[in-house]
Each structure stands twice: as structure tokens, then as C-alpha cells.
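Colleague: Before I plan anything around this protein, I would like a close look at one part of its surface. Could you take me through that part, and then set it beside what lies inside?

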Amino acid sequence: VASLFFPIPDGSALMYRLIGTASPPALAESYDIACKAKFNKVHNITIKNWLKVPQRFNVEWKFEVEDKALFINGATIFDVPGDSQKDYKLSIYALKAVQSKFSIYFRNPLTNEFIFYKVV
């Protein structure tokens, strides 16, 4: 529930009460990343800041099925300047041949807005 207020030049005003629900954001992008076993692979993911002010994101990974032979590493806090984009460096290391699926969430802790990517 929200309200919308419009002041009119003649001194009057219009006020509307808005009722509705917001759906979660759509998938930003999906990546298919192939890397050799026992070699570190660094993949850049471009994160766009949709606000005009700098944004700080908390970063988390969620695996569909976790595999102990796969190691994912990257910054857990990521800053992006206002109205710009910046590359997030995702490091992937596998001990053996494995296929895994996971999602990476970039969440603003103040507004709880987020953007997410899927990786195979």
C-alpha cells in the first residue's frame, strides 16, 4: 500500500491510494562457464547500478545441489558507483569434472532490492 500526492498550482492537491503487489526481479543473465579441473577460472560479471547514488551489495551464492569438489570465491560485499556498472570477479576452481548450477544474488541491505544471475 502506498500513496501518491500531486500538488496543483491553484493550491489544491490530488492524492491517490495505491494498492498492489510487486513481483521479484527477473533473472538478469545466465552464464555457461566451462573450466578445466584443478585450474582457477576467473569470470567477470558486469553489475549495473540502476540508482543515481552509489550502492553497496551483499553477495551470496545459492547452489541447487552443492558439490564439495567445486569452490566458488569472490567478494562478499561489492560497491558500484551511481548510475554506472562494474565488473564482479567470480573465481571458480574444481577438483574434478563436475557440472553444477548456482545463483549469485547481489542484494542491497538497505532497500532489500536485488539482482541475480544463474551460472551453470
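Modeller: Please keep in mind that this is a predicted model. The part to look at is a nonpolar patch on the surface, formed by Leu 4, Phe 6, Leu 14, Tyr 16 and Leu 18, which together have about 430 Å² of accessible area. Strand S1 (2-7) and strand S2 (13-18) each supply at least two residues of this patch, and the largest share, three residues, comes from S2. Leu 14, one of the patch residues, is found in strand S2, and because its relative accessibility is 40%, between the limits of 20% for buried and 50% for exposed, Leu 14 counts as partly exposed.

In soluble globular proteins, nonpolar side chains tend to be buried together. Turning to the interior, the largest nonpolar core has 20 residues, and those with the most contacts inside it are Ile 47, Leu 90, Ile 104 and Phe 106. Among the elements that give two or more residues to this core are strand S4 (41-48), strand S5 (55-63) and strand S9 (102-107), while S8 gives the most, with four residues. Setting aside residues up to four places away in sequence, Ile 47 touches, among others, Phe 57, Phe 78, Val 80, Phe 106 and Tyr 117.

A polar residue is also worth a look here: Asn 108, in the loop between S9 and S10, counts as buried because its relative accessibility is 6%. The side chains of Asn 108 and Gln 55 are joined by a polar contact of 2.9 Å, and, leaving aside neighbours within four places in sequence, Asn 108 is also in contact with Arg 56, Phe 57 and Glu 113.

Terms used
Residues are numbered from 1 along each chain as its sequence is written. This is a predicted model: local features need pLDDT of at least 70, side-chain atom pairs count only at pLDDT 80 or more; totals for chains, interfaces and linings use all residues. Side-chain values use heavy atoms; hydrogens and water are left out. A nonpolar core is a set of buried Ala, Val, Leu, Ile, Met, Phe, Trp, Tyr and Cys residues joined through side-chain atoms within 4.5 Å. Buried means under 20% relative accessible area, exposed over 50%, partly exposed in between (1.4 Å probe, protein chains only). Contact means heavy atoms within 4.5 Å. A polar contact is a pair of N or O atoms within 3.5 Å; within protein, one must be able to donate a hydrogen and the other to accept it, and residues adjacent in sequence count only if both atoms are side-chain atoms. Patches are made of residues with over 30% relative accessible area and no salt bridge: like charges are joined within 9 Å, nonpolar side chains (Val, Leu, Ile, Met, Phe, Trp, Tyr) within 5 Å. Accessible areas come from the Shrake-Rupley method with a 1.4 Å probe; for residues, only the protein chains shown count as cover. A salt bridge is a side-chain nitrogen of Lys or Arg within 4 Å of a carboxyl oxygen of Asp or Glu.
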